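I open this page to keep track of what I look up in the structure, one entry at a time. The sequence and the model come before my notes.

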Amino acid sequence: MYENIDMERTGILLKEMFDKSGYTVKDIQKILHLSCPQPIYRWFKGNILPSVDHLYVLSRLLKVHMEDLLVPQCESIREV
């Protein structure tokens with residue numbers, strides 16, 4: 001059976017990873033060519049997930065695997 005993604009904890013993880021790496025929301029917005037920062041804030045709140053394209057770019061930027069940016073429902077947030 002496939003695990004579901006915990007959107008809220010994934011958002012928390014993304015925010016922690018960005019904060020730790022020193023990237024601001026504005027930096028991520030520019031890198032991803034987003035017209036506004038709202039999608040990023042919606043990721044942080046767990047309302048939506050980044051697209052596969054955005055996950056790929058973020059994984060390269062943060063030097064982690066794409067799946068390391070997602071938290072399955074059965075896991076707690078991993079140490080960043």
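Is Gln-29 buried or exposed, and what is its relative accessible area? Before answering I note that I am reading a predicted model. I looked the residue up and found that Gln-29 is buried, because its relative accessible area is 12% and buried means under 20%.

Next I asked where this residue sits and what lies around it. Gln-29 belongs to helix α2, and, when I leave aside its neighbours within four places in sequence, Gln-29 is in contact with Leu-34, Ser-35, Cys-36, Pro-37 and Ile-40.

I then followed Ile-40, which touches Val-25, Ile-28, Gln-29 and Leu-34, again not counting residues up to four places away in sequence. Ile-40 also appears in my entry on the largest nonpolar core, which has 17 residues, and there Ile-40 is listed with Phe-18, Ile-28, Trp-43, Leu-58 and Leu-69 as the residues with the most contacts inside the core. At least two residues of this core are supplied by each of α1 (7-21), α2 (25-31), α3 (38-45) and α4, and α1 gives the largest share, four residues. As background I wrote down that nonpolar side chains tend to be buried together in soluble globular proteins.

My last entry concerns the surface, where Ile-31, Tyr-56 and Val-57 form a nonpolar patch with about 230 Å² of accessible area together. Of these I looked up Val-57, which is found in helix α4 (residues 52-62). Val-57 is partly exposed, with a relative accessible area of 30%.

Terms used:
Residues numbered from 1 in each chain as written. Predicted model: local features only at pLDDT ≥ 70, side-chain atom pairs only at ≥ 80, totals over all residues. Heavy atoms only, no water. Patch = residues over 30% accessible without salt bridge, like charges linked within 9 Å, V, L, I, M, F, W, Y side chains within 5 Å. Areas by Shrake-Rupley, 256 points an atom, 1.4 Å probe, with all protein chains shown as cover. Salt bridge = Lys/Arg side-chain N within 4 Å of Asp/Glu carboxyl O. Buried < 20%, exposed > 50% of the residue type's maximum accessible area, 1.4 Å probe, protein only. Core = buried A, V, L, I, M, F, W, Y, C linked by side-chain atoms within 4.5 Å. Contact = heavy atoms within 4.5 Å.
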